[in-house]
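Student: I would like to go through this structure with you, one question at a time. Shall we begin?

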Amino acid sequence: MQNHTDHTDHASHDGHGAHGGHEAHGAHGGHGAHGGGQPGGLSVSAGGYTLEVDSAILAAGPRQHVGFRVIGPDGRPVTEFVAEHEKDVHFIAVRRDTAGFQHVHPVRDEKGDWSTELDLEPGDWRFFTDIHPVGHDGSLTLGIDVAVAGTYDPRPLPEAARTARIGAYSVALDGVLVPGEASELKLTVSLDERPVTDLEPYLAAYGHLVALRVGDLGYLHVHPEGHPGDGVTAPGPGISFMAVAPSAGTYRLYLDFQHGGVVRTAEFTVHTTEAAPAHGDQHHGQHGHHGHEGHHAH
């Protein structure tokens, strides 16, 4: 599996643009990375809201139509949402083997039916919606399984690495995921080995990060540090996020960033590392080993 994605083709999708930023939607409603690190998207229904798709079996191919709706507590499709990072709904699709990641922004009709297009290869997929329905006290991430017909050729999990390449771009990852604790992840973007200092604002941020737990695709909300125009946050080369891993294990990170008018996605496989002991050094040797492992993501 390639460790990168270029979303140039998706930029022309009518109405929903390129693969959007996960705002690291964790910033949604303030319940993000600092909210305990509980994964979302493991349930099709939460808080009285349910994700419903037109069909649980889809055809393979580029730009396949996908229709869905969010059913509210009253049994009707929801038509009013609080916009988060400039969009009412952030829709994420990924195959169960973590391949094929796409982040798009569907369009909605007056009845509450949403539609979008996805590039789908055969296999089992997970669709997520990040939403904040009007009247609800925060954001929700709902998830649903969908089967794409055809011969499934599952791909092995990409090896952990600290650098992802997307054409002439490279993105370096610094920082570790720590179970149960907020930690900083910094991603640094370069073009032809030179730091990119003119990243373009995309959905109210210089970068958006989606994190998924390998094994069940538990969806982590990740909080972006700063925003364009705040007088503090620079347009690259570094983009910082705060994240909490809900458990020890392996995670997939997907960073969306925009430069030259194109949204690109850098992908990483990351293993968690242990937190530093609060007192004493009786476990120093053990921690040192794990810290090294986590930092280099062996």
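The exchange below takes up this predicted model, from the overall chain to single residues.

Student: How many strands does the chain have?
Tutor: The model is predicted, so its strands are assigned from predicted coordinates as DSSP runs. The chain has one helix. Its count of strands is 21.

Student: What percentage of the residues count as buried?
Tutor: Buried means under 20% relative accessible area. The chain has 298 residues. The share that counts as buried is 50%.

Student: What share of the accessible surface belongs to carbon and sulfur atoms?
Tutor: The accessible surface of the chain comes to about 12,600 Å². Carbon and sulfur atoms hold a share of 50%.

Student: Among contacts with a separation of 6 or more, what share comes from residues 24 or more positions apart?
Tutor: A contact here means heavy atoms within 4.5 Å. Take the contacts in the chain with a separation of 6 or more. Residues 24 or more positions apart account for 69%.

Student: Which strands are the edge strands of the open sheet with the order 4-11-10-6-7?
Tutor: This open sheet has five strands and mixed pairing. An edge strand pairs on one side only. That holds for strand 4 (57-58) and strand 7.

Student: Do strands 6 and 7 run parallel or antiparallel?
Tutor: Three bridges join strand 6 to strand 7. Ala93 stands opposite Gln102 in strand 7. The two strands run antiparallel.

Student: How many salt bridges does a search of the whole structure find?
Tutor: The test is a side-chain nitrogen of Lys or Arg within 4 Å of a carboxyl oxygen of Asp or Glu. Asp113 and Arg69 form one of them, with the closest N and O atoms 2.6 Å apart. The search of the whole structure finds 11.

Student: Why does the salt bridge of Asp113 and Arg69 tie together parts that are apart in sequence, and how many residues apart are they?
Tutor: Asp113 lies in the loop between strand 8 (107-108) and strand 9 (114-120). Arg69 lies in strand 5 (residues 61-71). The pair therefore ties together parts whose separation in sequence is 44 residues.

Student: Which residue of that pair is buried?
Tutor: The cut-off for buried is under 20% relative accessible area. Asp113 has 25%, so this residue is partly exposed. At 12%, the buried residue is Arg69.

Student: How many residues apart are Asp145 and Arg96?
Tutor: Their side chains meet in a salt bridge (2.8 Å, N to O). Asp145 is in strand 11 (residues 140-148), and Arg96 is in the loop between strand 6 (89-95) and strand 7 (102-104). Asp145 counts as partly exposed at 39%, and Arg96 also counts as partly exposed at 31%. The pair links distant parts of the chain, and the separation is 49 residues.

Student: Which residue forms a salt bridge with Arg213?
Tutor: Arg213 counts as buried at 15% relative accessibility. The partner is partly exposed, with a relative accessible area of 27%. The closest N and O atoms are 2.7 Å apart, and the partner is Asp216.

Student: Which residues are joined into one network by salt bridges that share partners?
Tutor: Asp113 and Arg69 form a salt bridge. Shared partners extend the set to one network. Its members are Glu52, Asp54, Arg69 and Asp113.

Student: Which residue is joined to Gly236 by a cis peptide bond?
Tutor: Most peptide bonds are trans. In this one, omega is about 0°. The residue joined to Gly236 is found in the loop between strand 18 (223-224) and strand 19 (238-244). It is Pro237.

Student: Is Glu86 buried or exposed?
Tutor: Glu86 lies in the loop between strand 5 and strand 6. Its phi is near 75°, a positive value in a residue other than glycine. The relative accessible area of Glu86 is 55%, and the cut-off for exposed is over 50%. Glu86 is therefore exposed.

Student: What is the phi of Ala204?
Tutor: Most residues other than glycine have a negative phi. Ala204 lies in the loop between strand 15 (194-195) and strand 16 (208-213). Ala204 is not a glycine, yet its phi is positive, at about 65°.

Key: Residues are numbered from 1 along each chain as its sequence is written. This is a predicted model: local features need pLDDT of at least 70, side-chain atom pairs count only at pLDDT 80 or more; totals for chains, interfaces and linings use all residues. Side-chain values use heavy atoms; hydrogens and water are left out. Helices (H or I, at least four residues) and strands (E, at least two) are DSSP runs, numbered from the N terminus. Buried means under 20% relative accessible area, exposed over 50%, partly exposed in between (1.4 Å probe, protein chains only). Two strands pair if DSSP finds at least two bridges between them. Accessible areas come from the Shrake-Rupley method with a 1.4 Å probe; for residues, only the protein chains shown count as cover.
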